[in-house]
Amino acid sequence: MITAERKPFEQIRAVTDQFGKVLVVGCNTCVAVCLTGGEKEAEVLASQLRIARGQDGIAGSVETVTVLRQCENEYLDAISEQVKAADLVLSTACSIGPQGIAERFPGVRVAPAMNTNMMAVVKGHHHWAEYCVACGDCGIFNTGGICPIARCAKTLINGPCGGSQGGRCEISPDVECVWQLIHDQLVSLGLEENLRKISGPKKWSSANTGGPRSMKKEGFKP
Amino acid sequence: MAQDQTITRHFFRPGTGDDGLRPPCEVACPIHTDAQRYIQLVAAGRYADALEVIRDTNALPQSIGRICAHPCEDACRRGQVDEPIAICNIKREASDGAKAEGRGYDPPRPQFGDRKVAIIGSGPSGLAAAHDLALMGIRPVVYERQPEAGGFLRTGILNYRLPKDILDEDIAYITGMGVEIRTGVAIGEDVGFDELAAEHDAVLIAVGLSESRSLPVAGVDNRGVLLAVPFLEAVNAGREVPELGKEIIVIGGGNVAIDVARSARRVSGGDVTMVCLEADHEMPAHDWEVRDAVAEGVKIVCSQGPNAIVGDGQVEGLEMKRCESVFDEQGRFAPTFCETELSTLPGDTVIISIGQMSDMSFLGGSGPELDGRGILVFDREQCATTRRGVFASGEVVTGPGAAVSAMASGKRAAIAIGKFLGVDVDFPAEPRAVNELPGYVAGMINKGARRSVPARPEDERVRDFGEVELGLGEVDGRCEASRCLLCAAGARYSETRCISCLTCVRVCPYAAPEADGNGLLKIDPDKCQACGICFTQCPAKAIDLAVLSEDDIRAAVDAALEGSGEVEFGCWYPQTRVAAEAGAVMLPCTARLSLGLVLYAFEAGAGRVHVAVCSEDDNGRFVTGHRQTRAVVEEGRRALQEIGLDPEALVLTLVKEKKCLKPQQ
Amino acid sequence: MKSGSILEKTLESGAFAVTGELGPPKGADAGVITRKANILKGHVDAVNITDNQTAISRMASMAAAKIALDEGLEPIMQMTCRDRNRLAMQADILGAAALGIRNLLCLTGDHQSFGNHPDAMGVFDLDSVTLIRMVKDMRDVPAFQCGEEITKAPELYIGAAANPYADPFPFRAIRLAKKVDAGIDFCQTQIIFNVDKFDQFMAQCRELGVTERCRILAGVAPLKSAGMAKYMKNRVAGMDVPEEVISRMEGAADAQDEGIQVCVDVIDRVREIEGVAGVHIMAVEWEEAVPEIVSRAGLRPGSARS
């Protein structure tokens, strides 16, 4: 899933204060699952904005509507009237949401309330961790099903650097050393010889650095 | 202190995903009183509101609050944790408390049309039917052959359990509704049955079981042999019973026999011994009745059957034979005796209390059909006899049972009569209850001892007919009510709103939510404890709570702010207000407080919001609930800071003394 | 000879090599390099020129290496993967070789979050192993990483770093073996205080045949104070400072002198270990200690030069 975090409130204020009718649009898929931008969080943000704007005497209104996915036009069409009536649409989706709204409704002012941060696995309640950076060239079969591109601070593909200590990464004790995990996994799978093999150089052309990507599937044409 | 008005009349059962399950207490109750709601209202100290809930289904709230056999308590899931809630005593507490407030005793005055129904018998069944018919706009006229109304409640139950003035108040409420009770009128003697039927649009036979059964043994003709019903009638009426001696033997092991024994003990001041066929553990009387009788000095001889009454003109004793078994393999009553193992119990009085029967002679042969045993032929579904327009209810058709069961029968008959008379009513669907608590859930619930109702000392109470039980009183009543587990009142889940995020699965302390491989969720109502944590965490607003819903809480916030600039989100269990000056929004646990609700309070104009919380080392009403409360207050403070409000305007206050879960002193 | 560097000649002759370390300045002053070079000159066979060490932006290692070279001190140019992609790296490698630089130490590099530009993008197009392979192919095939032919191959003696104290320990010698497979000629280790553990590491290296194919220089450093020892023990990832070293430093009347003596003692012990081909003395911002260490340890650098 994609996770996103809400921007600092003052940044949101700085944008929204210029507008009278603000429509906070929640997204009830990825960002709802990561408890930051679904219906409930959109309502919380709207409530905060109303209180703050009320204190400062900013005229206008802050209302909320939530769609299942802002990245799909069909869902956006359902809120077309509310969007068009608003002076500003504030999206609590990942960055795809506000872009989708901007594209679908030309002329409408759109602002992101969120910073998109990662493609994550749910480690537990209130805990997500980045497991993929969409490099476009998945090689985790050779690393015990664990991705060093997403999960090593230096995207190392040939084993841990000298900063691996006690299973933790040198950049922070909160970060696991993925190569310790890969090492232990390969040992437990009896695949120690994988550790000896030299990998790479990594093919980055399939990643975002190779240019904006799009995907089209062959098949049924409506 | 601002009055907490959190619990509203409609606070149960919002629409979302309601599976229709009800608390076991309510389902077990023959008249399906919404016990959970009135218990919660008593916990909140709102007695008149509680009494109003009781009156929804119960025409005799004060009387039943004293003498009910309370099957609700047998079903109470608290019993799996420690002991059931003292529901019956709480019911009494509601009426006592409301009376002290001077509220809840003004009957409604329904407008009657021109149809009227004759009800023969003013016992619990007849009165319940009359009450319900009156509310349908049908005029009931109750005929009672005794000089005063109440049926067996008056003639069979003694003042020490049900004071006459209490019964009078219940009856006065019903007559206050416009129900006419003609006492001292014996159908079949003063008015013929046909005449009665001709004068009314329908007739309800609710005459109960007014005759005592006797015993076919030698010596029953001796002076000193009495029957239970006339004996109790005499004692209840305050008449002398000249045959009563000082060594009294009561034959029988049921609740009536217990009443006979306890009355005989009071009237005679002598020795009273009960003799019953059943072994100790088989006695049909409720164990608490047996316990009270023994406490008052009544002796009980089990597994003995009467062989003969000894005496030549005057009772000298009871010859008994040992009873080997009472029931046959199918569980039917079929006692077997050892005819050679005889013994004699000396005594000067024998009171036979082995059961009652009906006396249908008043029908005079023109009424509905009787079967070969003289019992009414009866359609249980429609409460109908074989004569059109003549219905029956209560023990006359159900056989002996609890007063509340007789009321249930009367209530059904009222509906049947209403239907018969074209009123738009129907028999309600039988409610379904949640199942037992899974063992691990029962183990997670904090224990709290049941408050026992205080009683007058045994040596004092056997000397008079004053009421034995004194009522719980405010503190114990509210504390006892606080033990309620809110069965079936927890999470309500909307499949259409759910986004299958599994948040509820992760946060529920009781593992109530379960998701299948497709992310389809089910919240097991047997496990849910209504703590509200899932409600606060669900990002898609797919979960609401039956008690209280988010809308209920918002409405309560609005109401709280009408008289105050501050709001307290408090624990609705007793004596735990943390901000007396604030408008109260009381919650079963502040764990159900979401960030959105906190902000709503500020948005609605609260200058300060107080939140009550249990201490860290004390789980309070719900395991881990206090952690969620603390987390939401932290979140709330950050949210306030972000928007330039003083985070200290959100005040977290520890509830220091939680009497609700403490053992009784 | 692969590169003809003094370091190569020293090590391949079997002499015990001594290398030092020289950090370029946070400014454009070439004088800093010449000053430090003159302190070290004659006491080491070659000197590492660090590359934005600890992710702090400094004068380019290639430029500083050229200045040292002109000063008569043989540079070992360090190159990290953090700041350049393979295009820039190959350009720099060719440029360095053209300037006469003959030793290249291939490193992954410290993470940018440690440095003074934590918001910088970490490149890490290659890691140290793939960098080594690329450099070797540039020298020996000779070809660019893409396979295109190089007209004049860069003659370089290729090195890498090894840390016997990082985790997982069983993998450390394997990792060095991978670097050997990729093409290194020599390596320098993390600073050694725990000689026993280093001894184990060396045993693993011998078992993997690493010592036959690669010259291993044991990293050493003088401690300036007990505080520095504790800091290294507790705060620097991949460092192992035994308690015994800390108590020696704490008990010393002259901490700096004791620090030098600890370093000398380590050198004395590691040179007895089979497969240790030299020492790499890391006296960063304390270059003056190097002559003293070399002298006390009885090392005789410069054998290849003479």
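# A guided tour of the predicted complex

Begin by selecting B:Glu369; apart from its neighbours within four places in sequence, this residue is in contact with B:Val377 and B:Thr386. The model on the screen is predicted. B:Glu369 belongs to the loop that runs between strand 15 (356-357) and strand 16 (390-392) of chain B. Is this residue buried or exposed? B:Glu369 counts as exposed, because 11 other C-beta atoms lie within 10 Å, and a residue is called exposed at 12 or fewer. Next, add B:Ser482 to the selection and draw a distance between the two C-alpha atoms. The residues are 113 apart along the chain, and 51 Å separate their C-alpha atoms.

**Chain B as a whole**

Widen the selection to the whole of chain B. This chain contains 24 helices and 25 strands. Rotate the view to follow its principal axes, along which the C-alpha trace spans about 95 × 55 × 50 Å. How does the radius of gyration of chain B agree with that of a compact globule? Chain B has 28 Å, which agrees with the value near 26 Å for a compact globule of 665 residues. Of those 665 residues, 54% count as buried. Contacts within the chain can also be sorted by separation in sequence: among those between residues at least 6 apart, 71% join residues at least 24 apart.

Remain in chain B and select B:His32. The loop that holds B:His32 lies between helix 1 (24-28) and helix 2 (35-43) of chain B. The backbone deserves attention here, since B:His32 is not a glycine and yet has a positive phi of about 50°. Most residues other than glycine have a negative phi, and most peptide bonds are trans. B:His32 counts as buried because it has 20 C-beta neighbours inside 10 Å, and the threshold for a buried residue is 20 or more.

**From chain B to chain A**

Now display chain A together with chain B and select the residues where the two meet. Chain A contributes 20 residues to this contact and chain B contributes 19 residues. On the side of chain A that touches chain B, helix 2 (30-33) and helix 3 (39-55) of chain A are the elements giving two or more residues. Which helix of chain A gives the largest share of this side? Helix 3 of chain A does, with 11 residues. Colouring this side of chain A by residue class shows 7 nonpolar, 8 polar and 5 charged residues.

**Inside chain A**

Hide chain B and colour chain A by domain. The assignment gives domain 1 (2-117) and domain 2 (136-209). Taken over C-alpha atoms, the centres of domain 1 and domain 2 of chain A are 38 Å apart.

Then select A:Thr155, in the loop between helix 7 (148-151) and strand 8 (168-169) of chain A. A:Thr155 is a residue other than glycine with a positive phi, near 45°. Where does it stand between buried and exposed? With 24 C-beta neighbours inside 10 Å, A:Thr155 counts as buried.

**From chain A to chain C**

Bring chain C into view beside chain A. In this pairing, 28 residues of chain C are in contact with 25 residues of chain A. Helix 5 and helix 6 of chain C each supply at least two residues of the side that touches chain A. The largest share of that side, 7 residues, comes from helix 6 of chain C. By class, this side of chain C has 11 nonpolar, 9 polar and 8 charged residues.

With the three chains displayed, compare the pairs. Of the 2 pairs of chains that touch, chains A and C have the most contacts. Chain B and chain C do not touch, and their nearest C-alpha atoms are 25 Å apart.

**Two bonds in chain C**

Select C:Val141 and C:Pro142, whose connecting peptide bond is cis, with omega near -15°. C:Pro142 is in the loop between helix 5 (128-140) and strand 5 (157-162) of chain C. Move on to C:Asp167 and C:Pro168, where the peptide bond is also cis, with omega near -15°. C:Pro168 lies in the loop between strand 5 and helix 6 (169-182) of chain C.

**Confidence**

Finish by colouring chain C by pLDDT. The average for chain C is 95, and 99% of its residues score at least 70. For the complex, the predictor gives an ipTM of 0.93 and a pTM of 0.83.

Key: Residues numbered from 1 in each chain as written. Chains lettered and ligands numbered in written order. Predicted model: local features only at pLDDT ≥ 70, side-chain atom pairs only at ≥ 80, totals over all residues. Contact = placed C-beta atoms within 7 Å. Helix = DSSP H or I, 4+ residues; strand = E, 2+ residues; numbered from the N terminus. Nonpolar A, V, L, I, M, F, W, Y, C, P; charged D, E, K, R; others polar. Rg over C-alpha atoms; globule rule 2.2 N^0.38 Å. Domains from an automatic or database assignment. pLDDT = per-residue confidence, 0-100.
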